[in-house]
Each structure stands twice: as C-alpha cells, then as structure tokens.
Amino acid sequence: MKTLGQLQAVKEHKEKISMVTAYDYPSAKQAEAAQIDIILVGDSLGMTVLGYDNTVQVTVEDMIHHAKAVRRGAPDTYIVVDVPFGGVGVTEQYDLEIAVKLYQQTNANAIKAEGAHLTNYIENCSRMGIPVVSHLGLTPQSVGITGYKMQASNKEAAQQLLNDAHAIQQAGAIMLVLEAVPADLASEITKQLDIPVIGIGAGKGTDGQVLVYHDLLNYGVDYKAKFVKQYGDFSVGVDALTEYNKEVKSSRFPDENYTYKKRVMDEDVK
Ligand code: KIV
C-alpha cells in the first residue's frame with residue numbers, strides 16, 4: 001500500500017495518482033490487482049449500486065457496510081471513504097462522532113467530505129488524527145441547489161474556488177478532489193497547492209484522476225458524462241445472461257460437462 005507520504009511525494013515527482021471508486025469485494029479486488037493507487041468508496045454508491053437517483057439517500061450505515069467489503073477485497077490499497085449527506089454539517093459533536101465511526105469501523109485510510117464550508121471540521125478531524133480529503137467544484141450532495149453542471153465558470157467563482165482550495169489546505173486537508181471545473185483553473189489550483197489534487201472532469205493538469213468504476217466499465221449505467229472514458233464493457237453480462245436463460249429453457253444447460261455422472265449419496269456430494 002502506498003502511504004500518504006508516498007502519495008503526497010508523487011506531486012513533487014510530477015507523477016500521477018490513479019484513483020477509482022469501488023463499492024464491494026470483487027471491484028476492490030480488481031482495483032488492487034490493477035495496482036490503482038487509491039480506492040474511493042464513493043457515495044456514488046447510491047446511483048451505481050443501490051439504484052437511487054442521487055447520492056442524498058445514502059446513509060452512514062450504507063457507507064460502512066460497503067467500505068468494509070472494499071477493505072476485505074483490497075487489504076493493501078489506500079482507501080478513502082465518503083462522508084455521506086447528513087453525516088456532516090449537523091453539529092460539531094455529531095459530525096465528529098460520525099467521522100470517528102466511519103474511520104474506525106471501516107479501517108479506511110481517510111475520509112472524504114464535500115464542500116468549502118468544512119474548514120473547522122477538517123481541523124477537528126485532523127486534530128483527532130483522522131485524515132480528510134476535501135471535495136470541491138461540483139459537489140453531488142448539493143446537486144439540489146447547483147444541478148449537475150460545470151462549476152466556477154466565471155471569474156468571481158473561479159477566484160472563490162481558488163480561495164476555498166487554499167482554505168481547506170490550510171485547515172489540514174490531505175488531498176483535494178476537484179470535480180467538473182475548467183481545466184485551466186484546475187491546473188492553476190494544482191500548481192498553487194502543496195497537497196495532491198485529484199481531478200474528475202477537471203482536465204489533465206491535476207496530480208491525478210478519479211473515475212467511477214461503473215462508468216469506466218460501462219456497468220449498468222444509463223448516462224455517460226462528457227469526462228467519462230469507457231475502458232471496458234461489462235454490458236456483455238446481459239448477453240451472457242440471455243444465453244443462459246435460453247439454454248435453461250431449452251434444456252441445453254446443464255449438459256454432461258456440468259453434471260455428476262455417478263449416483264452418489266448426499267454426504268459424498270462435493
Ligand atoms: O462519490 C463519488 O464517486 C465521488 C467521485 C465522483 C469523486 O465523489
């Protein structure tokens with residue numbers, strides 16, 4: 001597993017950090033086998049796995065349940081777990097209790113929280129020893145207010161984002177995820193910050209990239225954002241299931257290759 005120090009050093013060496021989401025044991029195993037640097041147990045779980053319209057319905061218990069499976073699948077990968085909607089921004093004490101619960105019960109390496117208003121939270125968590133990744137730009141938990149669109153598209157908003165990025169770094173954030181912002185602004189923020197900046201829909205000038213597992217593998221997704229590149233096609237699963245269905249109905253499956261030939265007693269069946 002890359003340590004936080006090694007991940008942060010990547011920035012100095014001008015290498016790139018790869019991050020992908022995973023939500024369960026098999027996807028985590030694949031990410032680790034592919035030697036991805038960081039797995040994000042994102043609250044995109046709500047759409048990709050749980051079938052919700054957005055991330056808002058995802059609970060702390062959902063995140064813990066899935067992050068534990070991810071840790072079992074990727075024992076040797078740096079894992080970041082999302083603080084879901086309602087898990088922060090309530091009261092200082094409640095927010096910290098949730099942060100401790102997520103960090104302690106999932107055995108993740110860091111938590112991720114959305115929004116520029118969380119500087120106190122980042123300071124409090126850091127003081128307790130909980131590493132926090134900040135998420136700025138398009139923050140899907142606020143989609144009811146912002147909509148799904150590129151952020152910081154005018155001069156004032158760009159300056160505000162730059163200021164916010166400095167503020168979260170000053171508060172102690174260990175990394176920044178920057179979503180759906182113009183590429184030149186993302187590059188400028190990346191240059192100005194000391195912490196690694198991981199982009200999604202933020203161009204190639206950031207220190208690393210993150211994509212959602214289901215998007216990059218075309219696995220059960222109905223919509224593809226402009227910034228998503230598909231590297232595989234898991235929609236072939238439908239063809240396989242269709243074939244299986246046909247073979248069962250026509251009694252072609254199971255043939256003798258998949259059948260125990262000798263009559264056996266129950267206790268001998270393996
Ligand atoms: O939940 C998620 O998958 C994320 C990524 C889009 C960065 O936050």
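This is a short dialogue on reading aromatic pairs and an annotated site in a predicted model.

Biologist: Happy to start with the rings! How is a pair of aromatic rings described?

Modeller: By two values, the distance between the ring centres and the angle between the planes. In this structure, a full search turns up 4 aromatic pairs. One of them joins Tyr244 and Phe253, edge-to-face, with 6.1 Å from centre to centre and 65° between the planes.

Biologist: And which kind of pair do Phe253 and Tyr258 make?

Modeller: A tilted one, because the planes are at 50°, with the centres 5.7 Å apart. As for accessibility, Phe253 is partly exposed at 34%, Tyr244 is partly exposed at 48%, and Tyr258 is exposed at 58%. Elsewhere, ring pairs connect Tyr213, Tyr219 and Phe234 as a cluster.

Biologist: Nice. Now the annotated site: which residues does the "binding site" annotation cover?

Modeller: The unreviewed UniProt entry lists Asp43, Asp82 and Glu114 under that name. These residues span 72 positions in sequence, yet no two of their C-alpha atoms are more than 10.8 Å apart, so they gather at one spot. Asp43, Asp82 and Glu114 also belong to the lining of the largest pocket.

Biologist: Is Asp43 buried or exposed?

Modeller: Buried, with a relative accessible area of 4%. Asp43 sits in the loop between β2 (38-41) and α3 (45-48), and its contacts further along the sequence include Asp82, Glu114 and Gln141.

Biologist: Where does Glu114 lie, and what does its side chain reach?

Modeller: Glu114 is in strand β4 (residues 110-114) and is buried at 7% relative accessibility. Its side chain reaches the backbone nitrogen of Gln141 at 2.9 Å.

Definitions and conventions: Residues numbered from 1 in each chain as written. Predicted model: local features only at pLDDT ≥ 70, side-chain atom pairs only at ≥ 80, totals over all residues. Heavy atoms only, no water. Phe/Tyr/Trp six-rings, centres within 6.5 Å; stacked < 30°, edge-to-face > 60°. Buried < 20%, exposed > 50% of the residue type's maximum accessible area, 1.4 Å probe, protein only. UniProt positions renumbered as here; feature names shortened; annotations may be inferred. 1 Å grid on protein atoms, 1.4 Å probe; cavity = no way out; pocket = protein on both sides within 12 Å on 5 of 7 lines; lining within 4 Å. Helix = DSSP H or I, 4+ residues; strand = E, 2+ residues; numbered from the N terminus. Contact = heavy atoms within 4.5 Å. Polar contact = N/O pair within 3.5 Å; in protein donor to acceptor, adjacent residues only side chain to side chain. Lists of a residue's contacts leave out its neighbours within four places in sequence.
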